[in-house]
Amino acid sequence: MKITKIEVFQLDLPLTKPYYLSGGRLKFEKIDSTFVRIETDEGIHGWGEGCPWGHTYLPAHGPGIRAGIETLAPFLIGENPCALRHINRVMDTQLPGHEYVKSAIDMACWDILGKQAGLPVYMLMGAPEPTPVPVLSSISTGTSESMLELIGEAAEKGYKDHSAKVGGTDIEADIERINGIEAGLQPGHKVTFDVNRAWEPCTAIAVLNAVKTRSWIEQPCETLDQVGVVARRVPQPILLDECMTTYQDHLEAWKNECGNGVKIKPNRVGGLTKALQIRDFAVSIGWHMNIEDLGGSCLADTAAIHLASSCPNDLNMSSWLSHYHLSVDPIPANQGARNVNGFATPPSLPGLGVEPMLDVLGNPVAVYV
Ligand code: MG
């Protein structure tokens, strides 16, 4: 099988309401998504999506994905999309780094491999059946009262696991936020306090030794070394997120005891193939995981849920679904991994099981043959 055509689509995905991270330091109102449709000489096609969460969340840039694909496309035409390691080696040779550029291509190739094999992607990743994955809410920064209100709204939709965004410049406000949310949580509910790298190490150590919670604390500081300094001096388990890009980052984090778990986001690490390698490493050392994407429509969410569903249950925590924050849905409502009473289940159709609607995507912004 050979890749004969790569079509690229761009779609702005407006958020239903503004979203704040890091104590309000970062604000988001829409995200810029790139969809890729790869066609083959055997009549099978595959879909992928790459969608950073705005331009400020990570060194990942929506328009940069399309620029990167323009560079990569001539080297991918004629290659076998089912040879996923080879496809990734070609991309890494022709464009070192820039991992977020590659995930949409890699995702579309997994879709093709599944369609070719007649198997859903979760099964190609090792799962015997489509295990439902608990969903994780994402609670925008505010006061503890306003955040508990959002947690209550999520609870009504079945969410029992919540990611509360904290981490401002006012230490006392963060201590109040964390203690207030922990005290107000309904029985049977869990919370992770996600700092989104907002604190300096000394702030993180001060806040985390002052609060009562023993819940997960996520990415307290910018770099892996800083998070390691914090992880060795606080009583809470630490979840790594933004600072983890390469496989080597995960090895370093493990060797230096920088955390107890990791968020695996295919777009951040370069696609499902690399996310799967990291997932297997995390299983081998007993790290807990949230597996979800950086952002995007139900297509990107569904791809991540295929991977999460194939993760051993005792290590897989829950997955956030980006598409519930958006006012545009290019995926038919009866397709993809959707929240049903607090769980998302990957489709059992061959491939990813999702076919975006062309009338929503519009005309391709680039076609490579
Ligand atoms: Mg996070």
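Donors are taken as N, O and S atoms within 2.8 Å of the metal (3.2 Å for Na, K and Ca), and sites may look incomplete because water is not among the atoms. The structure is a predicted model, in which local features need pLDDT of at least 70 and side-chain atom pairs count only at pLDDT 80 or more, while totals for chains, interfaces and linings use all residues. Residues are numbered from 1 along each chain as its sequence is written, and side-chain values use heavy atoms, with hydrogens and water left out.

The donor residues of the magnesium ion follow the spacing D-x23-E-x22-D in sequence. Asp194 and Asp241, 47 residues apart, link distant parts of the chain: Asp194 belongs to strand S6 (residues 190–194), and Asp241 to the loop between strand S8 (238–240) and helix H9 (247–255). Helices (H or I, at least four residues) and strands (E, at least two) are DSSP runs, numbered from the N terminus. Coordination of the magnesium ion is provided by Asp194 (OD), Glu218 (OE) and Asp241 (OD), at 2.1 to 2.3 Å. Burial is judged by relative accessible area (buried under 20%, exposed over 50%, partly exposed in between; 1.4 Å probe, protein chains only). Asp194 counts as buried because its relative accessibility is 1%, and Asp241 counts as buried at 0%.

Open and enclosed spaces were sought on a 1 Å grid over the protein atoms alone: a cavity is a set of points where a 1.4 Å probe fits but cannot get out, a pocket is an open set with protein on both sides within 12 Å along at least five of seven lines, and lining residues have an atom within 4 Å of a point. Grid points are joined across faces, edges and corners, and a volume is the space filled by probe spheres set on the points. The largest pocket has a volume of about 460 Å³. It is lined by 20 residues, of which Lys17, Ser138, Lys157, Tyr324 and His325 are the closest to its centre. Two or more lining residues come from each of strand S1 (3–21), strand S4 (133–139) and helix H5 (144–156), and S1 gives the most, with 5 residues.

The search of the whole structure yields 1 cavity of 30 Å³ or more. The largest cavity holds about 140 Å³ of space. Its lining comprises 17 residues, and those closest to its centre are Tyr19, Ser138, Lys165, Lys265 and Trp320. S1, S4 and strand S5 (161–165) each give two or more residues to this lining, with S4 giving the most, 3 residues.

Helix H1 (residues 62–76) has 15 residues and an expected span of 21 Å at 1.5 Å a residue, which agrees with the 21 Å between its end C-alpha atoms; the expected span is 1.5 Å times one less than the number of residues. A kink of about 35 degrees is placed at Glu70 in H1, shortly before the proline Pro74, the bend being the angle between axes fitted to the seven residues ending there and the seven starting there. Buried residues of H1 include Ile65, Ile69, Leu72 and Leu76. After H1 comes Gly78, with a positive phi near 95 degrees.

Positive phi also occurs at residues that are not glycine. His98 has a phi of about 45 degrees and lies in the loop between helix H2 (84–94) and helix H3 (99–117). Arg197 has a phi of about 65 degrees and is located in the loop between S6 and helix H7 (201–210). His98 is partly exposed, at 44% relative accessible area, whereas Arg197 is buried, at 11%.
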